Each structure stands twice: as C-alpha cells, then as structure tokens.
Amino acid sequence: MSQNEQTRQRVSELVDQINTHRAAYYQSNTSLISDADYDKLMRELEQLEAKYPELITGDSPTQTVGGEASQTFTPVEHLEKMMSLDNVFSEEELESWLDKAGGGPFLCELKIDGLAINLRYERGKLVSAATRGDGSVGEDVTRNVMTVKGIPHTLAGKNHPDVVEVRGEVFYSLEDFATLNQSLIDAGKAPFANPRNSASGSLRQKDSSVTASRPLQMIVHGIGAWVDQTVVSQSELYGHLKQWGLPTSDRYKVLQTSGEVKKYIVDFEAKRHSLEHEIDGVVVKVDELARQQSLGFTSRAPRWAIAYKYPPEQVNTKLVDIRVSIGRTGRATPFAVLEPIRVAGSEVEFATLHNQDVVAAKGILIGDTVVLRKAGDVIPEILGPVVALRDGSEKKFSMPKNCPDCGSKLSPAQEGDVDLRCPNAKSCPAQLRERVAYIGSRSALDIEALGFVTAVALTQPLEPKTPPVQSEADLFTLTLDDLLPIKSQVVDSDTGVAKLDSDGKKKVVEYFRKKDGSPATVATKLLEELQKAKAQPAWRVLVALSIRHVGPVAARSLMNSFGSIEEIFGASEDELAKVDGVGEVVATTIKEWIAVDWHLEIVQAWKKAGVNFNQERLAAREGSFQGMSIVITGTLDTFTREQAEEAVISRGGKAASSVSKNTAFVVAGASAGSKLAKAESLGVEVIDESEFSKRLKN
C-alpha cells in the first residue's frame, strides 16, 4: 500500500471513529472514550486534513457542528515561613472565601504544578535557594538553582533591599518533559511519572551538572522576608520583581468583582490543556498588601489567598483484572488492575474496589472499558463501565475462597460482615508486611525509613535463609548484617503487587546496600530511626501493636487511665471498657489479643529491646470537660492536633475522632471539612480556636 493510500485510509478511519463517538455522546449520552482521547483523534484528523486538503469530505467532523466536547541536603531556615495554600473545589466554596476576604481587588494567577522554591537575595546578589521543606526549614539547592536559566544571579537595577526572599515555582514545560522522558527511556532509565516529579527530581540532584543539563524554568509569585518594603499591592510587587529581572507570569490579572474572578477561572479551565505547562487550578489573592496583613495567616496558609482546584480529570481505560490484597488485620480487599493511563498528572495502574459488594454495585466486569477518575486528584476511583463497548469476552469477578498469599480459607470476622478476612494472622506474609509498614506510619511510631517497600524487603524470604523479620518481635533487634543480603522487589505501595520490567519479569533491586557492597543510606537510616522510635510515647507503641480498633484516640485514653501498657494488659475487661473512648468492643479485642502467645512474644521482645512502655498520666482537672465528647478538626494555629486532644483528655474529656449527636462541641480550625459539615447538620455546637483557648483557661 502506497503512502497516499495509507493516509487516505487513516483519514477515513478517523472520520468514522469520531462520528461514532459523537453519535454516542450526543444521542445516547454515552462516552465511549475519554475527552482527552477524543481530542487526540480530532487533532490527528485536523493535522492530516491541513496537510492533505484534498482528503476533506462532507461528513468530516472538522466540517460539521457536533457540539462541545467535554538525598541529603544542608537544611536552610527560611527568614519568613513558607506557607501552603488552602483549597476550594466549588463555586460555592469560592464565593464563601471571596465574601470572607471582603471584596476586591483580587489578583488571579495560574497555579503551576511544580516545586516551590525560596530565593534569598542580599543587596541584589543570590546567596541562597531552598525548597519549601516543612515551611520553616528547607533543603539547600543553591548550586542547582544557579544552573536554571532565567533565574538571575544578580538582580537588575539599583537600590535593592538588604535582604529579600523571593518565592516561586520551578517546573518543566510539557514539551521539555516529554523530551526528557524520552531521553531517559532511550538510556534505559525509568521515566518520571509527571512534570512535577521531574522538576523535583532534577532540582534535587547531588551533581549540579545534571540539573544544568535539564531545561527547568521558574515563575515567581511572591515574596517572603522584606524589611521596609515600599510596594502597596501584589500587582505592584510583581512589577518590581519583573524590573529586577526575575521571571514573572504575563497571565495574572487584577480583577474587581467575584464575577470577574469566576470568569478567569472558567476561561483557564478551558485552556488548561493548551498551556505550555501543567496547572491544577487558579490562585486568587487579595491584591492590597495592607489587607493581606490584616487578614493574616493560619498555621499553614494565608487567609488572603486561596487555590481553586479544578475538578479531577476522567479517562477511559481497560480493566485488565481484579485481584485481592490482604491488609494488616487480614481484611481481603479487591483492587482493579488497569491498563496504565495518565490521569490528573500521574500514571495510574491500580484502583481500590473496597469489597465484593462494591464491585457488584459498580457493575464492572473484567475486560470492561471503565471510566476512571482521581477523586481530589489523589485517589484513583472507577466510576463504572462503558457498557456500549462490551464484546462478550468480559468476565464476572468472583471473590476467592482462599487467601491469595497464604492459602487460608477466607471468612467473615463475625456473622453479617460484608468483608472477608484471612484468619492466619501470624503466618500470612501479606498481613505481616502490612503490620510492619503500619508500625512506621504516622499513626503509630512515625518511622520515616520504614515505609511499605521497606516492609516488603524486610519480610520477604531470603533463599535459602528466612527473612530477617518473621514477626514484629524481630524489628528492634535488626543489625546491618541482617539487612545487607536483602534484595527487594519493586512493588506498588497501594497494592503490594510487584512491578514488571519490559520482559514481564519482576524487578529486583539491591535495597539495603550499594553496588560496592557498602550499606546504603536507607540501611543506616532505618537502624537509627528504629533506635529513636524506642523512645516514642507509649500510646504510639500501643497503636503500633495493631490491636484491632485500638487507634490513636483509644490508645491515648488507655495510657492516660493506666499509665503503662503492662497495666492495660493486666486490667479486667470491665475496667478497660469504662475508659472513655474504649467501650466493650475495644475492651474485648484487647483481651482477645493478649490471650495469643505470639502477641505476647512481641511485647516481651520490644520491652527487652528498650521500647518505651510507660507514660505519665494526665491529671484531670475538675469542672472543665469532664464527661464531654469533643472533636478537633482542621488546622489550628497554636496547637498541634495531639496537643489539643491531650488538653481535652487532661480535663476529663474524650477526644473523639467522629461527630455524633453526643458530641459536646467541635473545635474547627482551617480546612475543617466533612466533620464541620456533619456537626452543622446535627446541630452540634462549633467553636473556633480562640473560644477553645478560653474554655481551656476556664
């Protein structure tokens, strides 16, 4: 077939495909493909017709109206805290914020999905560049930032401030990102998942020449410290930054009314896929700096700025299989294995399906084309199948009768449970690795080096040896000699499924040592952090034991009542049940847990290794929160969540995790979310942090 005939055939195929999709969309209310895939087909057709106009036909979609288609860096302390932004996701939420801000003028700009950077200039000279870090302390990336084109080493003009911090976003253009990934693939290296990750990875290179070889860009969007600043508005500030030679955006606008702000957001939502870089929303700021100052900040974000996040993207992809993963308590959870697809800025291969009833409710079959979205741009969720695309080869999912990891028979934990569980808690490899990973989580001992992949590495067999961690009892006696032989499969952290290379084989890496055989950073860091974790508060140790239903709230209440884990285990079921936040169900599960021999072996091993089992009781004050159930939600300015909850407990109250009609009141900080909404719907009293502080003093 000649080139001309191939082109003619391709144009004909595109016309037929697009018209089929149009008919389904406009006449049958069915999307056979995602908007992005539809746009790809249209772009290809337009390009071919532009090149070969003689191939344009009367029924071409381009000629007819079809309607609208929908590793270790030096720490650097910022002179002024580097805040995040609060988000809104709807017009109603935006309108509420605009009202609180007190009217225009507002400055609107695009929210670039990149890496936040702080540049410090002294008398016009760039002396320091740092990542956001925790907001107060970031990573020193000065040498690397010096290689980024467009960032001046010396500010233009004269009479610069003695010290000024300039904030902005480092990013890749979409074109440069595609070129970078292709070069990595050609070199046999793993590509980056999205432009934001590539910007972060490129800027955090230990070798600054690598950063210099990559076409990073920056756009500035504000300042930090600047003593005796002379500007009066955000827009005037941007003019100064531009005069100093700093890269500023030409897309920001100063708008007077909420209607204009909404129009700006709508306009750029329509343009978001035609921009040279990725955006995930629009930032709206009060333009006048004096009003910014009066509105102030929460502990993490300015009250004078908000990020309007665009709705999550939806795509269509193939449901290749439905498999089952086993959690730390033995719960069997189905998850979807998908044809890898990019959605909301990252590649997705898996999505949870919760349980067999959810699979049935969604009406999906293995082999279906399914509609996938990222709820909140974070969690992949299958919305349902595209039934019109079924060809009869699809298969119904059946929940397995046996555990996929150890072969034990799955059964409900108790009569009437929808969820099935693996009863082999001690020997099931999946449950062990999940429990080990949970020990390192923020809810438990908060061990940064002990994540899911590390847990997999520690618990997998070492032929011909057994794994170094056969039970949680082994965790705090690990040595370098235990770690160095370990090779780890590269796994997906959500599902535990080993990833495959291009030949379909499981990827295996040396996890705890370098190529020369010396310990890798992860090995020494893990041992150091395990040592530190021994001194964590005893309530965290209790949580780390993975006793069913014993989370942070119940654990704190128990420790406050008994003072030590040994006292808790020695108490009667009735004594445990009387503790606020515990009750009969939790008391029963605690007594059942300590009746198991291998559980007590964990306790004894941890105690022998020096793990902290004791905690000073918080003395309750009379006449304050005695007997009250109080919920803390959102971000507070002067308390951490733990400090606020301990203040409640110390005054005889219960720091509850959920709102009910029995809740005395809710303390709502910034971004309070669903708990605040539930309190309002139940008529429960809601107070702010200031009122909470007054009640604490009283």
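# Strands, helices and charges: a Q&A

Visitor: How many bridges join β23 to strand β24?
Guide: Bear in mind that we're looking at a predicted model. Strand β24 spans residues 685-687 and runs parallel to β23. Val-666 stands opposite Val-686 in β24. The number of bridges joining β23 to β24 is three.

Visitor: And which residue of β23 stands opposite Ile-632?
Guide: Look at strand β21, residues 629-633, which runs parallel to β23 and is joined to it by four bridges. Opposite Ile-632, in β23, stands Val-667.

Visitor: Are the two faces of strand β23 covered or open, and which residues are on them?
Guide: In a regular strand, side chains alternate between the two faces of the sheet. Strand β23 (residues 665-668) has both faces covered, with buried residues on each. One side has Phe-665 and Val-667, and the other has Val-666 and Ala-668.

Visitor: Now Glu-689: how far away is the nearest side chain of opposite charge?
Guide: Glu-689 lies in helix α24, residues 689-697. A salt bridge here needs a nitrogen-to-oxygen distance within 4 Å. Glu-689 is buried and has no salt bridge. The nearest side chain of opposite charge is that of Arg-303, at 6.2 Å.

Visitor: What backbone nitrogen does the side chain of Glu-689 reach?
Guide: Set aside the neighbours within four places in sequence, and Glu-689 is in contact with Leu-636, Asp-637, Thr-638 and Phe-639. The side chain of Glu-689 comes to 2.6 Å from one backbone nitrogen, that of Asp-637.

Visitor: Which strands stand at the edges of the open sheet of four strands?
Guide: The four strands pair in the antiparallel sense, in the order β5-β4-β7-β8. An edge strand has a single partner, so one side of it is left without a neighbour in the sheet. That describes β5 (125-131) and β8 (217-226).

Visitor: Which residue in β5 stands opposite Ile-117?
Guide: Strand β4 covers residues 115-122 and pairs with β5 in the antiparallel sense over six bridges. Across from Ile-117, in β5, is Thr-131.

Visitor: At about what angle to β8 does helix α8 run?
Guide: Helix α6 (residues 195-203) lies across β4 and β7 (163-171), at about 40° to β4. Helix α8 (residues 234-243) lies across β7 and β8. The angle of α8 to β8 is about 115°.

Visitor: How many residues of helix α13 are buried?
Guide: Helix α13 runs over residues 452-459 and is mostly covered. Phe-452, Thr-454, Ala-455, Val-456, Ala-457, Leu-458 and Thr-459 are the buried ones. They pack against α12 (429-439), α14 (480-483), β19 (487-489) and α15 (521-533). Out of eight residues in α13, the number buried is seven.

Visitor: How many residues apart are Glu-472 and Arg-435?
Guide: Their side chains meet in a salt bridge at 2.5 Å, N to O. Glu-472 sits in the loop between α13 and α14, while Arg-435 is in helix α12. Both partners are buried. Along the chain, the pair is separated by 37 residues.

Visitor: Why does the pair of Glu-448 and Lys-525 tie together parts of the chain, and how far apart in sequence are they?
Guide: The two side chains form a salt bridge at 3.4 Å, N to O. Glu-448 is in the loop between α12 and α13 and Lys-525 is in helix α15, so the pair connects separate parts of the chain. Glu-448 is exposed at 62% relative accessible area, whereas Lys-525 is partly exposed at 29%. The separation in sequence is 77 residues.

Visitor: What is the relative accessibility of Arg-323?
Guide: Arg-323 meets Asp-321 in a salt bridge at 3.5 Å, N to O. Asp-321 is partly exposed, with a relative accessible area of 24%. Arg-323 also counts as partly exposed, at 38%.

Visitor: How many salt bridges does a search of the whole structure find?
Guide: Side chains of opposite charge can pair when their charged atoms come close. One pair here is Asp-321 with Arg-323. The search of the whole structure gives a total of 22.

Visitor: Is Phe-335 buried or exposed?
Guide: Phe-335 is in strand β13, residues 332-343. The cut-off for burial is under 20% relative accessible area. Phe-335 comes in at 4%, so it counts as buried.

Conventions:
Residues numbered from 1 in each chain as written. Predicted model: local features only at pLDDT ≥ 70, side-chain atom pairs only at ≥ 80, totals over all residues. Heavy atoms only, no water. Buried < 20%, exposed > 50% of the residue type's maximum accessible area, 1.4 Å probe, protein only. Lys, Arg positive; Asp, Glu negative; His and termini not counted. Polar contact = N/O pair within 3.5 Å; in protein donor to acceptor, adjacent residues only side chain to side chain. Contact = heavy atoms within 4.5 Å. Pairing = 2+ DSSP bridges. Axes fitted to C-alpha atoms, helices over the stretch in contact; angles between N-to-C directions.
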